[in-house]
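Let's take a walk through this one, starting with the overall layout and ending at the annotated sites. Have the viewer open as you read.

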Amino acid sequence: VYNFSAGPACLPEWVLTKAASEMLDAHNSGMSVMEMSHRSSEFQDIIDTCKARLKRLMNIPDEYEILFLQGGASLQFTMIPLNLEKHNVDLINTGQWTKKALKEHKKLGKVNVVASSEEDNFTYIPKIKQEDLSEDSDYVYICENNTIYGTKYKELPPHEGKLLVADLSSCILSERTDVSKYDLIFAGAQKNMGPAGLTVVIIKKDLIGLADEKTPSMLNYKTYADNDSMFNTPPTYSIYICGLVLEWLETQIGGLENMEKINRKKAKLLYDYIDASKLYSNPVVPEDRSYTNVPFVTSDKNLDTKFVKEAKEAGIVNIKGHRTVGGMRASIYNAMPLEGVEALIAFMKKFEEENYN
Ligand code: PLP
């Protein structure tokens with residue numbers, strides 16, 4: 001099947017095949033990675049290689065630390081305000097994931113929603129100016145790609161004199177990212193990096209160690225930085241698969257520049273078809289459209305339901321839109337091949353011919 005799930009999402013076949021071939025004997029250990037001690041030299045090699053590949057692929061400068069955590073991207077909604085010295089945040093509200101972040105941040109500090117597209121059901125990215133930011137805020141918080149609504153920042157907001165914190169859960173590794181423009185990036189792995197269970201944080205080293213000393217160890221970035229992300233048992237298998245995904249990106253795709261080209265091509269193909277069709281529409285303003293999550297609807301809810309059902313029968317699965325948007329959503333992360341998008345478009349055409357006159 002072609003799996004258009006927003007996450008956990010499909011993984012490259014190359015990765016799954018390699019993982020299957022190593023299931024009983026990984027790294028000449030005579031066992032699966034699942035069975036390995038995280039203190040073994042074999043696993044140390046897996047985590048070191050994974051980290052080094054991520055640094056190379058994303059061109060992460062030396063002033064940044066890469067941390068492998070658990071708790072999902074959602075735990076970062078709490079860890080960020082706990083770990084940054086001051087907690088006054090200017091947040092741009094672009095959907096469910098900033099609303100959830102807002103709720104948690106509020107428990108620990110002052111939150112100022114500087115802009116929001118909620119009144120238009122989050123169909124665009126609000127553009128702000130430097131003067132819109134609060135005088136006393138410490139950081140600006142954004143969700144760079146809004147998985148549910150299919151919007152994406154094409155340019156980062158101004159944030160002079162403030163830190164920039166960004167949730168890249170659904171766009172990390174889908175394109176080149178200039179890490180030096182951010183102070184903290186985080187992402188749940190289950191869309192573009194590997195299986196659920198792993199969260200990656202890329203943080204400026206000078207922001208580590210600022211948390212209050214009463215901060216629980218497991219919620220303090222310093223604990224992870226000081227212990228090479230192995231203060232306790234890390235999500236070993238997720239890290240291993242993430243390492244394979246990064247290996248695939250380096251050796252099979254040829255890096256993020258190539259990945260970006262492929263992803264742009266996939267997205268353009270799908271948006272062009274939707275825009276030209278009479279039956280389907282995408283609600284997002286064109287300049288803010290996501291390259292990885294493409295929501296679309298027909299004009300009739302019953303037809304949407306029929307679409308989802310018949311698509312499944314045709315091997316196009318997990319295409320149902322989020323309940324707050326309705327209709328359909330095609331998540332076309334890195335592992336979705338061009339052929340998958342072509343198959344989706346072929347199905348959409350056929351469905352349109354059969355159901356629209
Ligand atoms: N942020 C974004 C942009 C997401 O898409 C998601 C999940 O879909 C989350 C945060 C929450 O991630 P998790 O389920 O790992 O906590």
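Start with the big picture: the C-alpha centres of domain 1 and domain 2 lie 26 Å apart. Keep in mind that this is a predicted model. The domain assignment gives domain 1 as 2-7 + 255-355 and domain 2 as 13-253, so to speak in two pieces of chain for the former and one for the latter.

Now look at where the two domains meet. On the domain 1 side, 27 residues are in contact with 26 residues of domain 2. Both α7 (256-276) and β11 (293-296) supply at least two residues each to that side of domain 1, and the largest share, six residues, comes from α7. In chemical terms, the domain 1 side that touches domain 2 divides into eleven nonpolar, ten polar and six charged residues.

Next, the inside. The largest nonpolar core has 89 residues, and the members touching the most other members are L184, A187, V200, V201, C242 and V245. Helix α6 (residues 236-253) gives the most to this core, with eight residues. The core also draws at least three residues from each of domain 1 and domain 2. For a closer look, pick C242: leaving aside residues up to four places away in sequence, C242 touches C50, A189, M193, G194 and L198. Apart from the 89-residue core lies another core, of five residues, with F122, I148, V284 and V325 among them.

Finally, the annotation. An unreviewed UniProt entry places the feature "binding site" at A73, S74, W97, T147, D167, Q190, N232 and T233. Do these positions gather at one spot or not all? They span 161 residues in sequence and the farthest two C-alpha atoms are 30.7 Å apart, so they do not all gather at one spot.

Two of the listed positions are worth a visit. S74 sits in helix α3 (residues 72-83). Is S74 buried or partly exposed? S74 has 16 other C-beta atoms within 10 Å, and because burial takes 20 or more, S74 counts as partly exposed. T147 is in the loop between β6 (145-146) and β7 (151-152). With 26 C-beta neighbours inside 10 Å, T147 is past that cut-off of 20, so T147 counts as buried. Not counting residues up to four places away in sequence, T147 touches A6, W97, S169, S170 and N293. W97, one of those contacts, is also on the UniProt list of "binding site" positions.

Technical notes
Residues are numbered from 1 along each chain as its sequence is written. This is a predicted model: local features need pLDDT of at least 70, side-chain atom pairs count only at pLDDT 80 or more; totals for chains, interfaces and linings use all residues. UniProt positions are given in the numbering used here, feature names are shortened, and annotations may be inferred rather than shown by experiment. Helices (H or I, at least four residues) and strands (E, at least two) are DSSP runs, numbered from the N terminus. A residue is buried if 20 or more other C-beta atoms lie within 10 Å of its own, exposed if 12 or fewer, and partly exposed in between; C-beta atoms are placed from the backbone. Two residues are in contact if their C-beta atoms, placed from the backbone, lie within 7 Å. Domain bounds come from an automatic or database domain assignment. Ala, Val, Leu, Ile, Met, Phe, Trp, Tyr, Cys and Pro count as nonpolar, Asp, Glu, Lys and Arg as charged, and the others, Gly among them, as polar. A nonpolar core is a set of buried Ala, Val, Leu, Ile, Met, Phe, Trp, Tyr and Cys residues joined through C-beta atoms within 7 Å.
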